[in-house]
Amino acid sequence: MKNPLDPRHKKRQKTVEDLFKQSFYKQKIDRQAKEILANLEIIDSSIKKAAPEFSIEKINKVDLAILRLAIFELIIEKKEPPKVIIDEAIELAKEYGGETSPPFINGALGNIVLQNQ
C-alpha cells in the first residue's frame, strides 16, 4: 500500500474526492479537478473506447472519478510513467471503491495504455 503521507497520494485523494462530489452537486474544486473537467470530452471518449461494455452513466461514480484522474494523468498531463499512474489508480480504487473496482480500473487503464502506444 502507498505511504499515506506521500504528498502526491494525498493530492490524488483530494482530486478524486472533488471529482466524485462534483458528480452530485456544484462545489469549489481544486485546480487539477477543474483541468480534468475542462478535458472531460477527451477523457470520457477514452473511457468509452477502453471499456465499451460500460456506459459512462453506468460506471460507479467513485470508479469514474478515479478513471478520469488517471486518464488525465496518462494522456494529457504525462508527468509520471504509466505504470506509476496505474498503480496509484489501483491503490485509490482499493481505498475508495468496491471489490470489483481495482480490476476494473486496472483493465480499463491497461487498454488505454495499449491504445495510446
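These are my notebook entries on a pocket and three helix pairs in this structure.

**Entry 1: before starting**
I am working with a predicted model.

**Entry 2: the largest pocket**
I looked up the largest pocket and found a volume of about 160 Å³. Which residues line the largest pocket? I noted R8, K11, R12, Q32, E73, E77, K78, K79, E80 and I85. Sorted by class, that lining holds eight charged residues, one polar and one nonpolar.

Next I asked which helices supply at least two residues each of this lining. They are α1 (7-22) and α4 (61-77). The largest share comes from α1, with three residues. I kept both helices in mind for the entries below.

**Entry 3: α4 with α6**
I like to begin a helix pair with two values, since two packed helices are described by the angle between their axes and the distance between the axes. For α4 and helix α6 (residues 101-115), the axes come within 11 Å and cross at roughly 30°. Angles under 35 degrees count as roughly parallel, so α4 and α6 are roughly parallel to each other. I also noted that α4 passes α6 in a right-handed crossing.

Then I checked who meets whom. On the α4 side I found D63, I66, L67, A70, I71, L74 and I75, and on the α6 side S101, F104, I105, A108, L109, I112 and V113. The residues of this contact divide into 12 nonpolar, one polar and one charged.

**Entry 4: α3 with α6**
Helix α6 also packs with helix α3 (residues 40-50), at an angle of about 100° and with the axes 9 Å apart. That makes α3 roughly perpendicular to α6. Here S46, K49 and A50 in α3 meet A108, N111, I112 and Q115 in α6. By class I wrote down three nonpolar, three polar and one charged. Looking back, I saw A108 and I112 of α6 in the contact with α4 and again in the contact with α3.

**Entry 5: α1 with α2**
Back to α1, which I had met in the pocket lining. How do α1 and α2 lie relative to each other? The axes of α1 and helix α2 (residues 31-38) come within 9 Å and cross at roughly 50°, and the two helices are therefore oblique to each other. Their crossing is right-handed.

From α1, the residues K11, T15, D18, L19 and Q22 meet R31, Q32, A33, I36 and L37 of α2. This contact has four nonpolar, three polar and three charged residues. One last friendly pointer: K11 and Q32 take part in this contact and also line the largest pocket.

Notes: Residues numbered from 1 in each chain as written. Predicted model: local features only at pLDDT ≥ 70, side-chain atom pairs only at ≥ 80, totals over all residues. Heavy atoms only, no water. 1 Å grid on protein atoms, 1.4 Å probe; cavity = no way out; pocket = protein on both sides within 12 Å on 5 of 7 lines; lining within 4 Å. Points joined across faces, edges and corners; volume = space filled by probe spheres on them. Helix = DSSP H or I, 4+ residues; strand = E, 2+ residues; numbered from the N terminus. Nonpolar A, V, L, I, M, F, W, Y, C, P; charged D, E, K, R; others polar. Axes fitted to C-alpha atoms, helices over the stretch in contact; angles between N-to-C directions. Parallel < 35°, antiparallel > 145°, perpendicular 65-115°, else oblique. Left-handed = near helix turned anticlockwise from the far one by under 90°. Contact = heavy atoms within 4.5 Å.
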